[in-house]
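Work through the exercises below with the sequence and the model open. Each task is followed by a stepwise solution.

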Amino acid sequence: MFVLNNARGESVDLNSENLFGNTPTGLGAVFTNTYSQYESYFKATKINIQQGQMQLNILFGDVESRSYQTFSQFSTFLSFQPLTLLYKTGVDTWHRDARLTSLTKTEIGGTTVLQTDKLFEQFTLEFINPWYNSKQGRYKTYNIDSGLAIYGSGFFNEQGDFNPNLILQSSGENATSDNRPNINGAVTGNVNSTIAYGTDGITLSYTGTGSTEWYYALAEAYQDMANTSLSFDKTYTISVDVQGTVPSVAFRVNNVFSPSTSINNTGWTRVTYTFSIPNLTGDHLNQFYIRLNAMATSNTAGFVKGQSLKFRHFKLEEGDKATAYTSAPEDGVSDANMKYGFGFMGTAYDDENGNKPYVDEAQVDITNIE
């Protein structure tokens with residue numbers, strides 16, 4: 001009937017052979033009411049619930065030889081406060097948070113309440129909130145009307161065929177040196193190239209000698225993985241739109257190159273790479289970097305000064321499938337491929353309902369306080 005939890009996540013059953021609780025008092029509620037009087041009538045102006053205490057007599061140990069040990073273990077359990085009392089009835093389970101007020105200590109046979117060969121003590125809790133329990137509420141719209149929609153706002157998990165983008169300011173359109181594609185918690189950079197920001201993307205122009213590596217880094221070497229939301233034990237897919245006069249491009253993740261993809265200067269090519277981030281050893285343990293590299297005969301040869309590499313619409317997502325480009329939810333941008341996502345209320349593009357977000361089913365967890 002009674003279970004007690006402590007702040008360390010441990011539980012004890014107060015109606016077991018080792019801890020037999022009986023004759024509880026103080027489970028109800030007492031109120032202090034204030035009234036305003038008008039002639040013979042009284043109107044309530046303030047209602048306060050009194051704090052309340054529960055007392056319980058406990059018989060310690062299943063046999064005499066274990067009575068003192070059981071009392072000692074229970075005393076240690078009570079030292080990790082606050083406590084939560086679970087009151088299990090035939091109807092429901094109710095919770096109430098509390099702190100210890102007192103625990104008596106006599107000797108075996110020393111109590112006048114009950115003559116027994118075990119410790120028989122009185123245990124008092126002081127409640128710090130009302131009784132409460134957790135229930136689930138669910139609402140579903142009627143299915144008879146195909147056009148029915150419930151409009152509103154809230155926090156939703158993924159809906160629609162997209163994954164959250166892990167790259168911030170990923171568009172590359174109208175970017176600046178302070179506002180360009182990056183992995184949160186990492187430093188960006190471009191090497192052996194100038195960088196220009198346009199309305200339709202970011203352009204790198206080669207300034208090297210023909211045999212030096214050049215690239216754009218979403219996270220430059222070397223970044224601590226702990227500063228980002230990425231992980232070494234997950235699979236990721238990265239994609240980007242690219243065009244330019246350089247022959248091809250490839251992604252580079254911790255010294256591992258993706259296959260090269262040929263590009264041209266007349267249209268966008270979507271480049272995609274699925275990978276897991278390899279963990280380095282030595283001085284760079286638990287560190288990483290991710291780059292978009294220009295490629296010719298190799299990553300460090302065959303280039304011509306002035307060659308260009310233009311890119312836009314980076315997307316880094318969990319899983320082995322590239323989904324349609326969407327901005328990161330943190331950027332607060334509504335994309336055509338995003339309905340709702342990851343706690344961000346976007347714009348739902350729907351033929352019948354215009355641009356108003358809607359849901360056909362919603363579920364929430366609620367708390368009842370009695």
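**Exercise 1.** Place S231 in the chain and state whether S231 is buried or exposed.

Solution. S231 lies in the loop between β17 (215-224) and β18 (235-244); strands are DSSP runs of E with at least two residues, numbered from the N terminus. The model is predicted: local features need pLDDT of at least 70, side-chain atom pairs count only at pLDDT 80 or more, and totals for chains, interfaces and linings use all residues. Residues are numbered from 1 along each chain as its sequence is written, and side-chain values use heavy atoms, with hydrogens and water left out. The relative accessibility of S231 is 18%, so S231 counts as buried (under 20% relative accessible area; exposed is over 50%, partly exposed in between; 1.4 Å probe, protein chains only).

**Exercise 2.** Which residues does S231 touch, not counting those up to four places away in sequence?

Solution. They are M225, Y236 and I277, where contact means heavy atoms within 4.5 Å.

**Exercise 3.** Classify the ring pair F60 and F71, then the pair Y236 and F275.

Solution. The structure holds 16 aromatic pairs (rings of Phe, Tyr and Trp, the latter by its six-membered ring, with centres within 6.5 Å; planes under 30 degrees apart are stacked, over 60 edge-to-face, the rest tilted). For F60 and F71, the centres are 5.1 Å apart and the planes at 75 degrees, so this pair is edge-to-face. F60 belongs to strand β6 (residues 53-60) and F71 to helix α1 (residues 67-78). Both F60 and F71 are buried. For Y236 and F275, the centres are 6.2 Å apart and the planes at 35 degrees, so this pair is tilted.

Note on methods:
Helices (H or I, at least four residues) and strands (E, at least two) are DSSP runs, numbered from the N terminus.
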